[in-house]
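Trainee: I am new to reading protein models. Could you walk me through one, feature by feature?

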Amino acid sequence: VGDRWAGQPLFDGAVDLLAEVLHDPLLEGGRFRQDHFEQERANLVRAIEGLEDDKQLLAYRRLVEALHAGTPFARHAWGRLEEARALDAGQALQ
């Protein structure tokens, strides 16, 4: 929505909100809320599991892993399934 149609400047507010969410997330006792963390961990696990449904992407990822074995580029940005399942809320902030 353009600012002139909204009657107020929206872009600056949206950028401020995004910066706050990224740099100052809602924490309870220095940790993410447990229910939020568990939901996001489950989403990550499902996304990693879903990579195997796309056979072309899976073949490409295996090729990259083989070509770049032993380097950080070989690892998918989402990590490995066992790593995602083992995450706890304390590790997420590190």
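Mentor: Happily; we will go through salt bridges, buried and exposed residues, and surface patches. Keep in mind that this is a predicted model.

Trainee: Let us begin with charges. How many salt bridges does a search of the whole structure find?

Mentor: The general idea is that side chains of opposite charge can pair when their charged atoms come close. In this structure, the search turns up four salt bridges. One of them joins the side chains of Arg33 and Asp35, at 2.7 Å from N to O.

Trainee: Are Arg33 and Asp35 buried, partly exposed or exposed?

Mentor: Arg33 has a relative accessible area of 27%, so it is partly exposed. Asp35 is also partly exposed, because its relative accessibility is 41%. Partly exposed covers the range between the buried limit of 20% and the exposed limit of 50%.

Trainee: Which residue forms a salt bridge with Arg85?

Mentor: That partner is Glu49, and the closest N and O atoms of the two are 2.6 Å apart. This pair links distant parts of the chain, since Arg85 sits in helix α5 (residues 81-86) and Glu49 in helix α3, 36 residues apart. Glu49 is partly exposed, with 34% relative accessible area.

Trainee: What about Glu83: which side chain does it meet in a salt bridge?

Mentor: Glu83 meets Arg75, again described from N to O, at 2.7 Å. Salt bridges with shared partners tie Arg75, Arg80 and Glu83 into one network. Glu83 counts as partly exposed at 33% relative accessibility, and Arg75 counts as partly exposed at 39%.

Trainee: Now for burial. Why does Ile48 count as buried?

Mentor: Look at the share of a residue's area that remains accessible: under 20% means buried. Ile48 has a relative accessible area of 9%, so it is buried. You can find Ile48 in helix α3 (residues 34-50).

Trainee: Which residues is Ile48 in contact with, leaving aside neighbours within four places in sequence?

Mentor: Ile48 is in contact with Trp78, Gly79, Arg80, Leu81 and Ala84. For a sense of distance, take Ile48 and Asp35: they are 13 residues apart along the chain, and their C-alpha atoms are separated by 20 Å.

Trainee: Where does Ala74 lie, and is it buried or exposed?

Mentor: Ala74 belongs to the loop between α4 and α5. Its relative accessibility is 10%, so Ala74 counts as buried. Not counting residues up to four places away in sequence, Ala74 touches Arg61, Val64, Glu65, His68 and Ala69. Ala74 and Leu63 are 11 residues apart in sequence, with their C-alpha atoms 9.0 Å apart in space.

Trainee: Let us turn to the surface. Which residues gather in a patch of negative charge?

Mentor: A charged patch is read by finding residues of like charge that group together on the surface. Here the negative patch gathers Asp3, Asp12, Asp16, Glu20 and Asp24. Its largest share, three residues, comes from helix α2 (residues 11-23). Asp16 is found in that helix, α2, and Asp16 counts as exposed because its relative accessibility is 52%.

Trainee: And which residues make the nonpolar surface patch?

Mentor: Leu57, Tyr60, Leu63 and Leu67 make a nonpolar patch of about 400 Å² on the surface. Leu67 lies in helix α4 (residues 55-67). With a relative accessible area of 61%, Leu67 is exposed.

Trainee: Let me try a recap. Ile48 is buried, whereas Leu67 is exposed, and the salt bridge of Arg85 and Glu49 links distant parts of the chain.

Mentor: Nicely put! You can now trace each of these features in the model for yourself.

Notes. Residues are numbered from 1 along each chain as its sequence is written. This is a predicted model: local features need pLDDT of at least 70, side-chain atom pairs count only at pLDDT 80 or more; totals for chains, interfaces and linings use all residues. Side-chain values use heavy atoms; hydrogens and water are left out. Patches are made of residues with over 30% relative accessible area and no salt bridge: like charges are joined within 9 Å, nonpolar side chains (Val, Leu, Ile, Met, Phe, Trp, Tyr) within 5 Å. Accessible areas come from the Shrake-Rupley method with a 1.4 Å probe; for residues, only the protein chains shown count as cover. Lys and Arg count as positive and Asp and Glu as negative; His and the chain ends are not counted. The place of a charge is taken as NZ of Lys, CZ of Arg, CG of Asp or CD of Glu. Helices (H or I, at least four residues) and strands (E, at least two) are DSSP runs, numbered from the N terminus. Buried means under 20% relative accessible area, exposed over 50%, partly exposed in between (1.4 Å probe, protein chains only). Contact means heavy atoms within 4.5 Å.
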